[in-house]
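Q: Got a minute to go through this one with me? I'd like to start with the inside and then move on to the helix packing.

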Amino acid sequence: MSSAAAPVTSAPDSPRTTATTGSAAPAPAETPAKTPAKTPPAAERVYAYVKQAVLERRYEGGMLLTEGELAEAVGVSRTPVREALLRLEAEGLMKLYPKKGAMVLPVSAQEIADVVETRLLVEEHAARKAVPAGPALLAELEEQLAKMKELAASGDLAAVSVADRCFHAAIVRNAGNQILDRLYEQLRDRQLRMGVAVMHANPDRIAKNIAEHGEILEALRAGDAAAATDAVHRHVSWVRNLAQGDVR
């Protein structure tokens, strides 16, 4: 009696067998793990939060802020709040009162006059040097002017103030004097704060600002240094004329 042959079962290829019959498929490359973004230190978060609120006038001049309410707003303890407030006091934005809190310092008439005087010295010089204006500068000014119009239509005054300053900063940067550029950069926070204040107090001034930026741009495009510096003088001087009566 003959017995039936047992069925032959093929064993799956081992890695060694595969290597002799064909090239093994390459192993998929490992995807590098994403490094989580580092959260800024607590004091830095408080500093950025309070400073932005002051510049945008959500915290207006004369307001008294307590460590407790700021700690709760940012979600930190009181220790980093104290560090941030000391830094803001050094920058002239706050005045600390032990056991009471910190007061947002109002913009003074003297500060307005000082900022405007410095701006006129720097910006009139830069406007003269910008003539003849190159295509890169003209394109940047056109972009900032278009952005101002768009932001003004949306009612975002803080963003309008930023675009406004970027327009002027582009002309200053174009002058190629790094010392003047750094000096102008030091005015940034004061310019933004005053700009928002003026626009809040005089909403009709936004359209006027845009029109005057257009005049500066056209004078530079025409290569008329005298017209450009005159337009800059009239435009910047308005900040002093308006703000001194409206910012307290």
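Q: How much space lies in the largest cavity?
A: About 240 Å³. Bear in mind that this is a predicted model. The count of cavities of 30 Å³ or more comes to 1.

Q: Which residues are closest to the centre of the largest cavity?
A: Arg119, Asp164, Gln191, Gly195 and Val239 are the closest, out of 17 that line the cavity.

Q: And which elements give two or more residues to that lining?
A: Five helices are on that list: H5 (109–129), H7 (157–174), H9 (188–201), H10 (205–222) and H11 (225–246). H9 gives the most, with 5 residues.

Q: How do the lining residues divide into nonpolar, polar and charged?
A: The lining of the largest cavity has 8 nonpolar, 5 polar and 4 charged residues.

Q: OK, new topic: confidence. What does the chain average in pLDDT?
A: The average is 84, and 82% of the residues score at least 70.

Q: Where is the pLDDT below 50?
A: Over residues 1–26. Beyond near neighbours in sequence, that stretch has 1 contact in the model. Where pLDDT is low, the predicted coordinates should not be read in detail.

Q: Fair enough. On to packing: at what angle do H2 and H3 pack?
A: About 105°, with the axes 10 Å apart; H2 covers residues 42–55 and H3 covers residues 67–74. Angles from 65 to 115 degrees count as roughly perpendicular, so H2 is roughly perpendicular to H3.

Q: Which residues make that contact between H2 and H3?
A: From H2 there are Arg45, Val46, Tyr49 and Val50, and from H3 there are Leu70, Ala73 and Val74. That contact of H2 with H3 has 6 nonpolar residues, no polar ones and 1 charged.

Q: What about H3 and H4, how do their axes cross?
A: The axes of H3 and H4 (residues 78–90) cross at roughly 105° and come within 9 Å. That makes H3 roughly perpendicular to H4.

Q: Who's in the contact between H3 and H4?
A: H3 brings Glu67, Gly68, Leu70 and Ala71, while H4 brings Arg78, Val81, Arg82 and Leu85. Those residues of H3 and H4 divide into 4 nonpolar, 1 polar and 3 charged.

Q: Last thing, the backbone. Which residues does a cis peptide bond join?
A: Val131 and Pro132, with omega at about 0°. Pro132 has its place in the loop between H5 and H6 (135–154).

Q: And what's the phi of Arg57?
A: Arg57 has a positive phi of about 65°, although it is not a glycine. Most residues other than glycine have a negative phi, and most peptide bonds are trans.

Q: Where does Arg57 lie?
A: Arg57 is in the loop between H2 and strand S1 (64–65).

How values were computed. Residues are numbered from 1 along each chain as its sequence is written. This is a predicted model: local features need pLDDT of at least 70, side-chain atom pairs count only at pLDDT 80 or more; totals for chains, interfaces and linings use all residues. Side-chain values use heavy atoms; hydrogens and water are left out. pLDDT is the predictor's confidence in each residue, from 0 to 100. Contact means heavy atoms within 4.5 Å. Axes are lines fitted to C-alpha atoms, for helices over the stretch in contact, and angles run from 0 to 180 degrees between N-to-C directions. Helices (H or I, at least four residues) and strands (E, at least two) are DSSP runs, numbered from the N terminus. Angles under 35 degrees count as roughly parallel, over 145 as roughly antiparallel, 65 to 115 as roughly perpendicular and the rest as oblique. Ala, Val, Leu, Ile, Met, Phe, Trp, Tyr, Cys and Pro count as nonpolar, Asp, Glu, Lys and Arg as charged, and the others, Gly among them, as polar. On a 1 Å grid over the protein atoms alone, a cavity is a set of points where a 1.4 Å probe fits but cannot get out, and a pocket is an open set with protein on both sides within 12 Å along at least five of seven lines; lining residues have an atom within 4 Å of a point. Grid points are joined across faces, edges and corners, and a volume is the space filled by probe spheres set on the points.
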